[in-house]
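Let's take a walk through this protein together. Have the sequence and the 3D view ready, and follow along one stop at a time.

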Amino acid sequence: MCAVCGCDISVVAENSKNPGSGPAHDHDHAHPHAHDNHEHDHRHLHVHHNHQHEHTDGLIDFGSGRAGLHIAGMSQERTISIERDILSKNDAFADTNRARLQNAGVFALNLVSSPGSGKTSLLVRTITDLIHKWQIAVIEGDQQTSRDADRIRATGAPAVQINTGKGCHLDAHMIGHALDHLPIQSGSLLFVENVGNLVCPAAFDLGEAHKVVVLSVTEGEDKPLKYPDMFAAADLMLLNKSDLLPHLDFDVSTCLAAALRVNPRIQSLTVSARTGEGLAAFYSWIEERASVTAAPAS
Ligand code: MG
């Protein structure tokens, strides 16, 4: 939950001041989704300063309260209430997306990672290698620009770019709108490239079949331990940029052990979008699942 960085709280607050408008309601196109009134009472903020723990060893832990996070000026109870409200609405949109994708026979993967792990390059390579066998569409998420969607479209696959502005993740409502604009055929693959962020996208179900977390070997082996929610939410970890391993101290087995400690069921593949190493195994992983899930509904 990303209330700490304020992206969802700011939407709630904005719509509370001005119900029916604000960033969540600025649309210039028709859409079939029902909108709840996003009005929330945001006036009763309680200042609590006692939900962090200070340890004698130099650790100050702001994640130890009941909400698991700290927002300046907001009580733990209020934080939990808002988080529950936001995520329950998101889950409802995700259920709608999932049913829509299943009915259309579309297999969807949600790619998540920190910025710079190589998600877009991995997608470009994957699409280039698979587009002769599969219909493929892409939803791109970034704060600004359509640079990634432009790279995807150059492969011949249709792509919709979602700019989240100050938002740090895609949510299921955004995906519903993007689906309205994508020519997705029955039996196709849908890749969603989330905003580069190892924290917030973990909490938001988009209606995908699987989250795939991409970790590049130029990052730390201990990332799964430092950002456990994301690795717990993912079904597959791709260790990308393996071509750089000879130049780094990165220990693959240490990283895999860290990921398995957080999520004993996570699968992992070591790949390089640059050289193609390991990608055949990734494609098999996709196709094994897509051949079942993406079968058109009878
Ligand atoms: Mg990208």
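A residue is called buried when its relative accessible area is under 20%. Keep that in mind as you look around, and remember that this is a predicted model.

Start with the aromatic rings. Searching the whole structure turns up one aromatic pair. Its partners are Phe-282 and Tyr-283, with ring centres 6.2 Å apart and planes at 40°, so we call the pair tilted. Are these two residues buried or exposed? Both Phe-282 and Tyr-283 turn out to be buried.

Now zoom out to helix H9, which covers residues 279–293. You can check its length yourself: at 1.5 Å a residue, its 15 residues should span 21 Å, and the end C-alpha atoms are indeed 21 Å apart, so the two agree. Phe-282 and Tyr-283 have company among the buried residues of H9: Leu-279, Trp-285, Ile-286, Glu-287 and Ala-290 are buried too. What do the buried residues of H9 pack against? They meet helix H3 (119–130) and several strands, including E3 (107–112), E6 (189–193) and E9 (267–270).

Next stop: a pair of helices. Two packed helices are described by the angle between their axes and the distance between them. For H2 (residues 76–104) and H5 (residues 172–181), the axes come within 8 Å and cross at roughly 30°. That crossing is left-handed. On the H2 side, the contact involves Asn-90, Phe-93, Ala-94, Asn-97, Arg-100 and Leu-101, while H5 brings Ala-172, His-173, Ile-175, Gly-176, Leu-179 and Asp-180. Sort the residues of this contact by character and you get six nonpolar, four polar and two charged.

How values were computed
Residues numbered from 1 in each chain as written. Predicted model: local features only at pLDDT ≥ 70, side-chain atom pairs only at ≥ 80, totals over all residues. Heavy atoms only, no water. Phe/Tyr/Trp six-rings, centres within 6.5 Å; stacked < 30°, edge-to-face > 60°. Buried < 20%, exposed > 50% of the residue type's maximum accessible area, 1.4 Å probe, protein only. Helix = DSSP H or I, 4+ residues; strand = E, 2+ residues; numbered from the N terminus. Expected span 1.5 Å × (residues − 1). Contact = heavy atoms within 4.5 Å. Axes fitted to C-alpha atoms, helices over the stretch in contact; angles between N-to-C directions. Left-handed = near helix turned anticlockwise from the far one by under 90°. Nonpolar A, V, L, I, M, F, W, Y, C, P; charged D, E, K, R; others polar.
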